[in-house]
Amino acid sequence: MERLIIRGGRRLEGTVQICGAKNAALPQIAAALLSAEPLTLTNLPDVVDVRTMLTLMAHHGVVAETRGATVTLDASKATNAEAPYDIVRRMRATLLVLGPLVARFGRARVSLPGGCAIGARPVDFHLKALTALGAAIEIEGGYINAQAPDGLTGARIVLPSPSVGATETALMTATLARGESEIVNAALDPEVADLAACLAAMGAQIEGAGTHRILIQGGKSLGAARHDILPDRVEAGTYAVAAAITGGRLELTGARLEHLSAVGEALEAAGVQLWPTDRGLMVARDGALKGIDIVTEPYPGFPTDLQAQFMALMTIASGAAMIRETVFESRFMHVPELKRLGANISLQGTSALVRGVAKLRGAQVMATDLRASVSLVLAALAAEGETVVNRVYHLDRGYEALDRKLVRCGADISRVAD
Ligand code: EPZ
């Protein structure tokens, strides 16, 4: 395993190129299963989760041709409708192949993904959507068996809460269900709208993506398409915090402020300056940091995927910050590790009260999940002395070349193998 050795206290200054969004790339790779014609995706991030999804696609018989950040997926000879446990357990988003497999082949056998460090991660909303479209579902031996031998029929799908993944499952599957489908209480995330744009390029008829009500006229087979994946707002928000926590100044090329409005408001209230440039977004902080309260919510609220990073920033702000996590039930794995760096945080149920300290001090810390691990890197950038972040494979799941990008902006980081 590898670890990062970070010597903190240096201002970051420079430019960071923001990659394509991991959470947009994953469903769009799965969407290739819907068609016998090739799907070309550009601006693909080079992260482990994308490679895992491509491994699963190869298992299904999809031929992928990758050239840099471009991949062409040919599912014309895909036949294997099973997603095995040993691949699914590596990344729960592999569940997103379930809907496309049933829609295209009339059957699927996909391992239940199981929970992860941030919560139980049930899949009941996904199964509710598939059942509404006419699939017969049964759980047996840790696998989801879905059958639709006579195809699927359009339906009204009401999601109990605006689940991102369940919206994506419903959206992809409905494109091949005969007739009209309506998704009610759909997630509003930009990654959902980007998936809809990709499906529309393949020939799907979709209206309302990005709103709580999406209409799909399904049943026609989908064709070849090319789609450019939207920039990663979580990566951009992460580097915005890197500029803020070191009192530096970074230009985030490719970032879109309109996808980060709740984060931008919180950062500005904390004393950070952000403004759009013709290449993306500038973030700078040269005054004092102020503790402010945040609550994570479904988009366009403050994203749960940036909660840990914002908490790292609040550990050195003046005053206190109350951070409430409402999306996942246990997304505070970073708290004990931040406390090892000298942070003053007390947990009260789904809330964390952060009292700012003058200085963090370097220590050995352990990464546990993707966003928790990057919050430790951010805190280490501001800490006095040396911090060792262990198990950085969590980082590589969702961030392309994070340490290299930070070093190019003045950070003192080295990656060493254990
Ligand atoms: C997506 O996960 C993202 N992953 C997550 O990013 C992100 O944190 C999450 O959306 C919320 O924004 C991908 O897009 C690959 P949800 P997803 O379904 O789809 C409950 C990262 O770090 N729920 O919106 O799994 C669920 O337990 C990852 O990049 C059900 O109860 O999130 C949670 O409490 C982490 N039943 C809430 O809904 C279901 O069937 C939101 O989950 C599905 C979800």
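**Exercise 1. Salt bridges in the whole chain**

How many salt bridges does a search of the whole structure find? Work from the total to a single pair, and say which parts of the chain that pair ties together.

*Solution.* Keep in mind from the start that this is a predicted model. The search of the whole structure gives 19 salt bridges. Side chains of opposite charge can pair when their charged atoms come close. One of the salt bridges joins Arg-7 and Glu-386, whose closest N and O atoms are 2.9 Å apart, and this lies inside the limit, which is within 4 Å. Next, place the two residues: Arg-7 belongs to strand E1 (residues 2-7) and Glu-386 to strand E23 (residues 386-390), so the pair ties together parts that are 379 residues apart in sequence.

**Exercise 2. The overall form of the chain**

Describe the secondary structure of the chain, and then explain why the chain can be called as compact as a globular protein of its length.

*Solution.* Begin with the elements, which come to 14 helices and 24 strands. The radius of gyration of the chain is 21 Å, and the globule rule gives 22 Å for 418 residues; these values are close, so the chain is as compact as a globular protein of that length. To complete the description, the C-alpha trace spans about 65 × 45 × 40 Å along its principal axes.

**Exercise 3. Two domains and their contact**

Find how the chain is divided, and work out which residues and elements of domain 1 contribute to the contact with domain 2.

*Solution.* First, the division gives domain 1 (2-18 + 231-417) and domain 2 (22-228), with 31 Å between their centres, taken over C-alpha atoms. The contact draws 21 residues from domain 1 and 19 residues from domain 2.

Second, consider the area: about 1600 Å² is buried between domain 1 and domain 2, and carbon and sulfur atoms give 52% of this. Tyr-299, Arg-397 and Glu-400 supply 34% of the area that domain 1 buries against domain 2, which is more than any other three residues supply.

Third, look at the pairs across the contact, where there are 3 salt bridges between domain 1 and domain 2 and 7 residue pairs in polar contact. On the side of domain 1 that touches domain 2, the elements giving two or more residues are helix H12 (370-382) and helix H13 (393-398), and H13 gives the most, with 3 residues. By class, that side has 7 nonpolar, 4 polar and 10 charged residues. Arg-397 also meets Asp-49 in a salt bridge between their side chains, at 2.7 Å from N to O.

**Exercise 4. Backbone details**

Locate Pro-300 and Asn-185, and state what is notable about the backbone at each place.

*Solution.* Most residues other than glycine have a negative phi, and most peptide bonds are trans. Pro-300 sits in the loop between strand E18 (294-295) and helix H10 (307-314), and a cis peptide bond, with omega about 10 degrees, joins Tyr-299 to Pro-300. Asn-185, found in the loop between strand E11 (179-184) and helix H7 (190-201), has a positive phi of about 70 degrees although it is not a glycine.

Notes. Residues are numbered from 1 along each chain as its sequence is written. This is a predicted model: local features need pLDDT of at least 70, side-chain atom pairs count only at pLDDT 80 or more; totals for chains, interfaces and linings use all residues. Side-chain values use heavy atoms; hydrogens and water are left out. Domain bounds come from an automatic or database domain assignment. Contact means heavy atoms within 4.5 Å. Buried area is the accessible area (1.4 Å probe) that two parts lose on being put together, summed over both. A polar contact is a pair of N or O atoms within 3.5 Å; within protein, one must be able to donate a hydrogen and the other to accept it, and residues adjacent in sequence count only if both atoms are side-chain atoms. Helices (H or I, at least four residues) and strands (E, at least two) are DSSP runs, numbered from the N terminus. Ala, Val, Leu, Ile, Met, Phe, Trp, Tyr, Cys and Pro count as nonpolar, Asp, Glu, Lys and Arg as charged, and the others, Gly among them, as polar. The radius of gyration is taken over C-alpha atoms; the globule rule is 2.2 Å times the number of residues to the power 0.38.
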